[in-house]
Amino acid sequence: MGDLLNLERLAHFSGAALLAAIATATIYLHQCRRSYFNQIRQDFIAYQRQRNENSAESSTKKKTKGEGANPDDNTFVIGFFHPHCSSGGGGERVLWKAIQALGELKEGKLMDRRTNKSKKKSVSTSSDDDTLNHCKNLLVVIYTVDEPSATYEKDLLTHVRERFSITIPKSLSLHFVHLHEEKHLLQKSKRLTMMA
C-alpha cells in the first residue's frame, strides 16, 4: 500500500513537472515570436525612413525640414493581418474592397463619388481636407503567410482583378510582410480571418 502511494505521488509530481516545462516552453516561444515581429517592425520603419529621406533628397520642390523632424510624421500606415490574402473567398473580397476604397480615398475619387451620390454642391469642408491630407502619404501593409516571390505582388493583384473585378490604384503604396516561417503557428482558423 505504501509503494502504491509513493508511486501515485511520483506520477503526480512528474505530471506537474511536465506541465511546468510545457508552460515554460510556450512562454519562451511566444517571447521569441514577439521579438521576431518587433524586429520585422523595426526593419520596416527603418526602410520607410530611408525611403522618405531618399525621396526628400531627390525632390527639389520639397521644403527643407527642421532639425529633429520625424520623416514619418506625414505617413499614415494602415495594416491588415490577413494570413490567406491570396485565397479567393468572401473574406478576401472584403479585404481587397477595403484596400480599393483606401486607394480611391488617396486619389480623391472616393470623396468625389460620395459627393456625386448625394447630389450636393462640391463644397469642400475642413474635415474632407484633413482626410485628404492624411491620405496623401497613405501606406497599406498586409501581413500574410504566403511564400514571397519576385512577382508575388503583380500575380496577386492580377488574381484579385480577375477573381473579384477589383482594381487597386497604382498610386497606393502596398507592401507585404511575409510570415511564411510562422505558418505553422497561423494555421487556418474558422474564427479569425482578418484584423485591421
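The following paragraphs lead through the structure from its overall make-up to its sheet, its helices and a few individual residues.

The coordinates are those of a predicted model. The protein has five helices and three strands, and along the sequence these elements follow the pattern α-β-α-α-α-β-α-β. Of the 196 residues in the protein, 26% are buried.

The three strands form an open sheet, and their order in the sheet is E1-E2-E3, with parallel pairing. Strands E1 and E3 occupy the edges; each has a single partner strand, and therefore one side of each has no neighbour in the sheet. On average, neighbouring strands of this sheet are turned by 20° against each other when direction is ignored. As a general principle, the strands of a sheet pair through backbone hydrogen bonds, in either a parallel or an antiparallel manner.

The pairing can be followed residue by residue. Strand E1, residues 76-81, runs parallel to E2 and is joined to E2 by six bridges. Within this pair, Ile 78 faces Val 140 of E2. On the other pairing, E2 and strand E3, which spans residues 173-178, are likewise parallel and are linked over six bridges. Several positions mark the register between E2 and E3: Leu 139 has Ser 173 in E3 as its bridge partner, Val 141 stands opposite His 175, and Tyr 143 stands opposite Val 177. How does the chain pass from E2 to E3? The connection runs through helix H5, residues 152-164, and the resulting β-α-β crossover is right-handed.

The burial of the strands deserves separate attention. Strand E2 covers residues 138-144, and seven of its seven residues are buried, so E2 is largely enclosed by the rest of the structure. In a regular strand, side chains alternate between the two faces of the sheet. In E2, Leu 138, Val 140, Ile 142 and Thr 144 point one way, whereas Leu 139, Val 141 and Tyr 143 point the other way, and all of these residues are buried. Strand E3 is also largely enclosed by the rest of the structure, because six of its six residues are buried. Its two faces are both covered: Ser 173, His 175 and Val 177 lie on one side, Leu 174, Phe 176 and His 178 lie on the other, and all are buried. An edge position in the sheet thus accompanies, in the case of E3, burial of six of six residues.

Helix H2, residues 90-107, contains Leu 105, and Trp 96 lies in H2 as well. Is Trp 96 buried or exposed? Its relative accessibility is 0%, and Trp 96 therefore counts as buried. Leu 105 also counts as buried, because its relative accessibility is 14% and the cut-off for burial is under 20%. Each of these two residues can be related to a position further along the chain. Trp 96 and Arg 161 are separated by 65 residues in sequence, and their C-alpha atoms are 9.6 Å apart in space. Leu 105 and Leu 172 are separated by 67 residues in sequence, with a C-alpha to C-alpha distance of 9.7 Å.

The loop between H5 and E3 holds Ser 165. Most residues other than glycine have a negative phi. Ser 165 has a positive phi of about 60°, although this residue is not a glycine. Ser 165 is exposed, because its relative accessible area is 62%.

At the start of the chain, helix H1 spans residues 2-58 and includes Phe 13. With a relative accessibility of 59%, Phe 13 counts as exposed, because exposed residues are those over 50%. Phe 13 belongs to a nonpolar patch on the surface, which is formed together with Leu 4, Leu 7 and Leu 10. The accessible area of the four residues together is about 460 Å².

Conventions: Residues are numbered from 1 along each chain as its sequence is written. This is a predicted model: local features need pLDDT of at least 70, side-chain atom pairs count only at pLDDT 80 or more; totals for chains, interfaces and linings use all residues. Side-chain values use heavy atoms; hydrogens and water are left out. Patches are made of residues with over 30% relative accessible area and no salt bridge: like charges are joined within 9 Å, nonpolar side chains (Val, Leu, Ile, Met, Phe, Trp, Tyr) within 5 Å. Accessible areas come from the Shrake-Rupley method with a 1.4 Å probe; for residues, only the protein chains shown count as cover. A salt bridge is a side-chain nitrogen of Lys or Arg within 4 Å of a carboxyl oxygen of Asp or Glu. Helices (H or I, at least four residues) and strands (E, at least two) are DSSP runs, numbered from the N terminus. Buried means under 20% relative accessible area, exposed over 50%, partly exposed in between (1.4 Å probe, protein chains only). Two strands pair if DSSP finds at least two bridges between them. A crossover is right-handed if, with the strands pointing away from the viewer, the path from the first strand over the helix to the second runs clockwise. Axes are lines fitted to C-alpha atoms, for helices over the stretch in contact, and angles run from 0 to 180 degrees between N-to-C directions.
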